[in-house]
Amino acid sequence: MRALGLEGGVERGALRTDRGVVLADVIVDASGLAGARLLGEPPGIARHDLCSAAQEIRAVRDRGAAEALFARHRVPLGEVLSFVGSAGGYSVLNLRLEGDHVSMLTGSIPAEGHPSGRAMIERFAAEHPWIGPPIRAGARAIPLGPPALPLARGRVARIGDAALQVFSAHGSGIGAGLVAARVLVDAITRGGGLAEYETRWTRERGGLLAAYDVFRRYSQRITLAELERLVTTGLLDAAMMRPAMTQLPPALDARALLEKAPRALRERALVSRLARVVARMEAIRALHPLYPSRPGAAREAWSRARTRMIGRSWVASRP
């Protein structure tokens, strides 16, 4: 069944589909990137804000050669071996060896002249003959950006990719969409309705996703040489990256920062850029718990403040 739009608008409308009209107290748009857009938003995603992701499970032809690759990079078996930045600053290729197969997960921004996620897998497999044919495979485009607003109006709410509820630092949307679905169900069952869903999710989760989208844009612009310098000097280490991998707020440990100070002085330009990014992330996170519960002048002022903090570069990149 395919949604065609709403009859009578979002306040009183029924969902019009290719199989007839559906009547419901609440209509949830979870139709994804190219879906129904029942609220008329978000606008089309710019090509530079689209992640091409792919995942394949492939047979292993030579287990010894596979283990040797993990050993060469000092990654224990069972852990994920990641190659970061091989197809642009935002890109990643993850490998996990499991029995007689290997799981491969990739992501990149092809609009910036890089190979797609699927092409990254094909290239890596061609360079490593121990990787066999695909057992299961899938690929799709993931929209990247700060969460869209509004999340609800009238009888219609949206979740998932349709609402840009994506942890765009590494293009993960499934977890964010499931959390949003739970918040939506709780709001409805408690009697708070769709307005409570929008307010609660934006205050509790929106700031984290919007903040990490700022980091995503920073990572897209960083060069491989700059990334190597940040890692080799220890300025970008496991302790700093772990929160991003687990979708938690950045952890700033004062003692660790002091220990890195001598190395930071040798990379002042890089550190200055990263510090500005982190400061903007913290400001955006602090703003979201203040999201006004009702439409009006206060919410409009809040939206303008968020746009300034996020930066016009993202807004202007959209058609």
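Let's start with a helix pair: helix α9 (residues 268–287) and helix α10 (residues 297–310) have axes that come within 10 Å and cross at roughly 165°. This is a predicted model, so local features are considered only at pLDDT of at least 70. Helix α9 is a good thread to follow, since α9 also packs against α5 with the axes 7 Å apart and supplies at least two residues of the largest nonpolar core.

**The α9–α10 pair**

- An angle over 145° counts as roughly antiparallel, and α9 and α10 are therefore roughly antiparallel to each other.
- The crossing of these two helices, α9 and α10, is left-handed.
- On the α9 side the contact is made by R280, A283, I284 and L287, and on the α10 side by W302, A305, R306, M309 and I310.
- Sorted by character, the residues in the contact of α9 with α10 comprise seven nonpolar, no polar and two charged.

**The α5–α9 pair**

- Helices α5 and α9 pack at an angle of about 160°, and their axes are 7 Å apart.
- That angle makes α5 roughly antiparallel to α9.
- Here, the crossing of α5 and α9 is right-handed.
- From α5, the residues G207, L208, A210, A211, Y212, V214, F215, Y218 and R221 take part, and they meet R273, L274, V277, R280, M281, I284 and R285 of α9.
- The contact of α5 with α9 divides into 11 nonpolar residues, one polar and four charged.
- R280 and I284 are worth a second look: both are listed in the α9 contact with α10, and both also appear in the α9 contact with α5.

**Nonpolar cores**

- The largest nonpolar core holds 37 residues, and those with the most contacts inside it are Y197, W201, Y212, F215, Y218, L230 and M281.
- Helices α4 (174–189), α5 (193–221), α6 (224–232) and α9 each supply at least two residues of this core.
- The biggest contribution to this core comes from α5, which gives 11 residues.
- Leaving aside residues up to four places away in sequence, Y212 touches F167, S168, A169, P243, A244, L248, P249, P250 and M281.
- There is also a second, separate core of 19 residues, which includes A54, A87, V102 and I131.

**A closer look at R205**

- R205 lies in helix α5, and because its relative accessibility is 25%, R205 counts as partly exposed.
- Not counting residues up to four places away in sequence, R205 touches V179 and R200.
- R205 and R285 are 80 residues apart in sequence, while their C-alpha atoms are 9.1 Å apart in space.

**Backbone features to check**

- L149 and P150 are joined by a cis peptide bond, with omega about 5°.
- P150 sits in the loop between β9 (131–143) and β10 (152–153).
- R74 is not a glycine, although it has a positive phi of about 55°.
- You will find R74 in the loop between α2 (63–72) and β6 (81–84), and at 75% relative accessibility R74 counts as exposed.
- L164 also has a positive phi of about 55°, and L164 is not a glycine.
- L164 belongs to the loop between β11 (156–158) and α4, and at 1% relative accessibility L164 counts as buried.

Technical notes:
Residues are numbered from 1 along each chain as its sequence is written. This is a predicted model: local features need pLDDT of at least 70, side-chain atom pairs count only at pLDDT 80 or more; totals for chains, interfaces and linings use all residues. Side-chain values use heavy atoms; hydrogens and water are left out. Axes are lines fitted to C-alpha atoms, for helices over the stretch in contact, and angles run from 0 to 180 degrees between N-to-C directions. Helices (H or I, at least four residues) and strands (E, at least two) are DSSP runs, numbered from the N terminus. Angles under 35 degrees count as roughly parallel, over 145 as roughly antiparallel, 65 to 115 as roughly perpendicular and the rest as oblique. A crossing is left-handed if the near helix is turned anticlockwise from the far one by less than a right angle, and right-handed if clockwise. Contact means heavy atoms within 4.5 Å. Ala, Val, Leu, Ile, Met, Phe, Trp, Tyr, Cys and Pro count as nonpolar, Asp, Glu, Lys and Arg as charged, and the others, Gly among them, as polar. A nonpolar core is a set of buried Ala, Val, Leu, Ile, Met, Phe, Trp, Tyr and Cys residues joined through side-chain atoms within 4.5 Å. Buried means under 20% relative accessible area, exposed over 50%, partly exposed in between (1.4 Å probe, protein chains only).
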